[in-house]
Every structure is written in structure tokens, then in C-alpha cells.
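Work through the three exercises below with the model open. Try each task before reading its solution.

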Amino acid sequence: MSSGRVPNTLRVDCVADDIRLVRDEDDLAEQLVHADTHEVPATIIGGGSNLVLRTRLPGTAILVRLRGVAFERLAEADWRVVAAAGENWQTIVDGALERGIGGLENLTLIPGSVGAAPVQNIGAYGRELSEFVESVTVFDRERQCYSTLTGPECAFGYRESVFKRDASHRHAITRIALRLGGAALATDYPDVARELAKRGRSRDRGTVADAVATIRRRKLPDPGRIGNVGSFFKNPVVALARLDDIRARIDIDDYPAPGGTGGRKIPAARLIDAAGWKGVRQDRVQVWPLQPLVLVNLGGATGNEVLDLAARITDDVQRRYGVALELEPAVLGTD
Ligand SMILES: Cc1cc2nc3c(=O)[nH]c(=O)nc-3n(C[C@H](O)[C@H](O)[C@H](O)COP(=O)(O)OP(=O)(O)OC[C@H]3O[C@@H](n4cnc5c(N)ncnc54)[C@H](O)[C@@H]3O)c2cc1C
């Protein structure tokens, strides 16, 4: 057993009792069966870009580093890409763009591993991973065997999936298969449309990827330099009556609710901004001045300090607008 720091882009200090790098599927199965048999908590970690960690992670932290990506052309504009969980998500995006395969251009520059991508059904600028998932291969800790889930079996929702909903972390994802090539360009998202308008008439996949990359670099802090997990809060879905009530006080955009569940999705960033939190600093944590959905670690903050500021924002937004904000990252560990 060897303890070690858990890598995370929020740049908080967290030590796991035992930390292990796993590079093949047999080793992963062995580690998980061993931990589960001995009732040792085991947590799967990818790149640590969607984690808020407290100071200690009890049990074993398993860093998934399985490698391999294969692109297979099935027909003229129909591709399957199979990638192992430990690959960097951007490797798939770049591989698709290099081959002129469409679909993933809006999902460029999302940090993290392939294996974590289905967990919160990564999405950005009008596209979600779930549109492309053919299957997800997992080690099922309950049945102690490998199995494959189809896209529908993953029960994807907005920043949700069967994997995220299951608090027991039953599934360790080892591989995903995507079907690519058939999707039309998605350019309606207001930021993307504005950025493309600046670039004239060109509307190919490379231009969309480039526009998205420009927006991201402008708005989001680089985790290589300043600790953050991207969006800290999900965009809430509210009933129409609540939306009218909010609109009586502030201007706010609204979008269809994902999954046709009724109600409207509204930007959490606008609520946080209108409540006066943009740029607010509390000790070593700050609401990012260019994007109030993002909380940054100015240096030396603990996970709890970040969570304290998040709780103050959540309470205030609830009190002012009657909207319950939900956290997007996973909160792990103890003090
Ligand atoms: C600057 C920045 C921008 C971001 N922008 C976006 C964005 O636009 N859209 C978006 O959706 N997200 C965004 N994120 C969040 C993050 O990039 C994604 O959630 C990403 O998929 C996390 O990958 P990871 O490997 O770092 O996962 P981790 O943070 O290591 O883990 C996240 C969760 O997934 C679980 N997990 C990890 N690997 C596996 C596995 N193999 N099997 C089972 N469970 C696993 C972990 O237990 C944890 O619960 C952003 C983050 C940052 C820092």
C-alpha cells in the first residue's frame, strides 16, 4: 500500500490512503475485486478535472491509464471510433478532425479522460457526447465481470448518466465506442454563431472547432495555471411560472429543457452574475470574473473552502430567485 496525492485540476491537496495506476483491464478487475472483497473503498479517477476533493480520500484511488484508440471506416461518412478509458478526450477530437470526420468539433478542449466522458455525458456549445455513443464497456463491480452497455442503457441526460447517478460507483468504464460522421454542423449556440460571424462565410468542421477553441480560451481559466473544474454549477431547469417570476426582475435567456421534460433550461451563470457574485473573492477562492460559473483556486485553497463559497452562492440564488443550483463536479473524500 502506498499513499499519494490525487491529481486534480482544482489544485487542492488530497492524499489517498493507497493510490494505484492501472494500465490493463485484468489489473483493473483484480484491483477492484480485491478492494470490494476486503470492503476497502475504491474510487476511480481519470484526469481529476471534475473533482472537488477534501483532504483525505479513504481506501484506494485507482488511476485509470488504459491506452488505445482505433478509427474504423464503415462507409463513406460513417465511422466507428473505439477508445480506451485512459486516453485523453482531446485525442479522439483531434483524430476525428484530422480525418475530416464530423460531430465532435463543438466538444474540443474539454479536459479529462475518455473514460470519464460518459459519466457526466460531457457537453458544450450545443452538443453532447450521448449523440454519438454506440456502447460503453465497463467492469461491473456488482457482478464482478466485464459487460457492455448500449447508448440507451447508459440513460444519458444533461450532465447525467447511469454511471453518475449510481452513488456506489458500480461501473468502472474501460472503453467507449462512438459512431461518427453523420452529424450536421451545430452552429446555433449564440456564442458559436457570434464567433463564426466574425470569420465570414466559412462553415466547415475545422472552423467550428477553431471558433469553439477561441471562445473557451477567452472565457475559461487554463487549469495548467489556475486551479478550476470548469463549470461548478449545472444550468437549472425551471417551470414556466418561475421563469416569468425571474424575468420580472432580470433579463435571462432560456432554452428547451433536455429530454423534453417540460420547463425551460436557464443559464446558471446569469443568475450568479445578477446576484452580484462575479469576481467575488473569499479567502483563496474566487468567482472567475470572465465566467461566473467557474470557481478558481487562487493558490493553496482546500476543497472545503471552494465548497463554502459554492454554498454561499447556492443559498443566495435560492433566496433571490427560488432556484436550487446543483453542483456539477463530483465531491469526494473526507477531512
Ligand atoms: C477548464 C475546464 C473546462 C471544462 N469544460 C467542460 C465542458 O465544456 N463540458 C463538460 O461536460 N465538462 C467540462 N469540464 C469538466 C471535465 O472536463 C469533464 O467532466 C471530464 O469528462 C472529466 O474527466 P476526468 O478524466 O478528469 O474525470 P475525473 O475528474 O477524474 O472524474 C470525474 C468523475 O468520473 C468518474 N470516473 C472517472 N473515470 C472513470 C472511469 N473510467 N470509469 C468510471 N468512472 C470514472 C470519477 O469517479 C468522478 O466521479 C471542464 C473542466 C475544466 C477543468
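A residue counts as near a molecule if its C-beta atom, placed from the backbone, lies within 6 Å of it. This is a predicted model.

**Exercise 1. The ligand shell**

Task: Find how many residues surround the ligand, and which are the closest.

Solution:
- Step 1. Apply the 6 Å cut-off to the ligand. The shell holds 34 residues.
- Step 2. Pick out the closest: Gly 46, Gly 112, Gly 115, Ala 116 and Gly 230.
- Step 3. Look for the elements that give two or more residues to this shell. They are strand 3, strand 8 (123-124) and strand 12 (171-180).
- Step 4. Sort the shell by class. There are 19 nonpolar and 15 polar residues, and no charged ones.
- Step 5. Place the ligand among the domains. Domain 1 (4-64) and domain 2 (69-180) both contribute to the shell, so the ligand lies between them.

**Exercise 2. Two domains in contact**

Task: Describe the side of domain 1 that touches domain 2.

Solution:
- Step 1. Set out the domains. The assignment for the chain gives domain 1 (4-64), domain 2 (69-180) and domain 3 (237-332).
- Step 2. Take the centres of domain 1 and domain 2 over C-alpha atoms. They are 21 Å apart.
- Step 3. Count the contact. Domain 1 puts in 14 residues, and domain 2 puts in 14 residues.
- Step 4. Name the elements on the domain 1 side. Helix 1 (25-37) and strand 3 (42-45) each supply at least two residues.
- Step 5. Identify the main contributor. Helix 1 gives the most, with six residues.
- Step 6. Classify the domain 1 side. It splits into six nonpolar, six polar and two charged residues.

**Exercise 3. A pair of helices**

Task: Work out how helix 4 and helix 5 are arranged, and which residues meet.

Solution:
- Step 1. Choose the descriptors. Two packed helices are described by the angle and the distance between their axes.
- Step 2. Read both values. The axes of helix 4 (residues 190-197) and helix 5 (residues 205-219) come within 9 Å and cross at roughly 110 degrees.
- Step 3. Interpret the angle. Helix 4 is therefore roughly perpendicular to helix 5.
- Step 4. Add the handedness. Helix 4 passes helix 5 in a right-handed crossing.
- Step 5. List the partners. From helix 4 come Asp 191, Val 192, Glu 195 and Leu 196. They meet Thr 207, Val 208, Ala 211, Val 212, Thr 214 and Ile 215 of helix 5.
- Step 6. Sort this contact by class. It has six nonpolar, two polar and two charged residues.

Terms used: Residues numbered from 1 in each chain as written. Predicted model: local features only at pLDDT ≥ 70, side-chain atom pairs only at ≥ 80, totals over all residues. Domains from an automatic or database assignment. Contact = placed C-beta atoms within 7 Å. Helix = DSSP H or I, 4+ residues; strand = E, 2+ residues; numbered from the N terminus. Nonpolar A, V, L, I, M, F, W, Y, C, P; charged D, E, K, R; others polar. Axes fitted to C-alpha atoms, helices over the stretch in contact; angles between N-to-C directions. Parallel < 35°, antiparallel > 145°, perpendicular 65-115°, else oblique. Left-handed = near helix turned anticlockwise from the far one by under 90°.
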